[in-house]
Amino acid sequence: MIIQFVGYSNSGKTTMLEKTIAYFAAKGLSVATIKHHGHSEELQSLDEGKDSWRHRQAGAMATSVCAGPNFQFQSTKQINWTLADILSIYQQISYDVLFVEGFKKEKYDKIVFIQKEEDIRLLDNVENCCAVVYWDTVQKEITFEGPVFSIFEEELFLEWLYSFYKNYS
């Protein structure tokens with residue numbers, strides 16, 4: 001199953017996703033994630049001075065590191081990675097559920113995070129919204145036909161999402 005967490009910056013996506021990952025992992029499921037960085041600045045490498053960093057410094061446009069069951073991949077080729085490109089890499093591993101943070105325009109099931117009233121417009125701009133998580137500061141009523149959770153109803157949200165997963169598989 002692939003499910004997206006989408007919303008504008010600081011809407012609670014990452015925090016709720018961390019809790020979701022822990023919840024699903026505690027249930028014995030193998031969880032994978034993909035994070036879309038919506039800004040155009042260059043990502044920072046965490047391996048400065050290591051061999052893979054030295055390979056990139058020498059001109060390699062892609063490097064990977066394998067250590068037993070661990071695998072890291074980094075590409076600096078000037079292309080815009082699509083979710084389909086990344087999913088082709090993920091097809092090589094076995095997971096029960098894949099959570100994607102971002103990629104608003106993709107067509108997978110989505111949890112939409114609403115922090116401010118102006119964020120409600122996102123519901124008109126995404127496809128396959130299956131639930132909404134909102135901040136209590138949102139005064140305008142959210143008109144959505146499916147499940148709607150306060151950002152503070154974590155346990156209720158997690159139980160619903162796990163049930164959604166069970167019904168999906």
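**Exercise 1.** Is Lys-35 buried or exposed?

*Solution.* Start with the cut-offs: buried is under 20% relative accessible area, exposed over 50%, partly exposed in between (1.4 Å probe, protein chains only). Lys-35 has 53% relative accessibility, so Lys-35 counts as exposed.

This is a predicted model: local features need pLDDT of at least 70, side-chain atom pairs count only at pLDDT 80 or more, and totals for chains, interfaces and linings use all residues. Residues are numbered from 1 along each chain as its sequence is written, and side-chain values use heavy atoms, with hydrogens and water left out.

**Exercise 2.** Find the salt-bridge partner of Lys-35 and place both residues.

*Solution.* A salt bridge needs a side-chain nitrogen of Lys or Arg within 4 Å of a carboxyl oxygen of Asp or Glu. Lys-35 meets Glu-101, at 3.3 Å from N to O. Next, place them: Lys-35 is in strand 2 (residues 31-35), Glu-101 in strand 5 (residues 97-101). Strands are DSSP runs of E, at least two residues; helices are runs of H or I, at least four; both are numbered from the N terminus. The pair therefore ties together parts 66 residues apart in sequence. Glu-101 is buried, at 4%.

**Exercise 3.** Which residue pairs with Lys-19?

*Solution.* The partner is Glu-154, with the closest N and O atoms 2.6 Å apart. Lys-19 sits in helix 1 (residues 13-26) and Glu-154 in helix 5 (residues 154-168), so this bridge links parts 135 residues apart in sequence. Lys-19 is partly exposed at 31%. Glu-154 is partly exposed at 28%.
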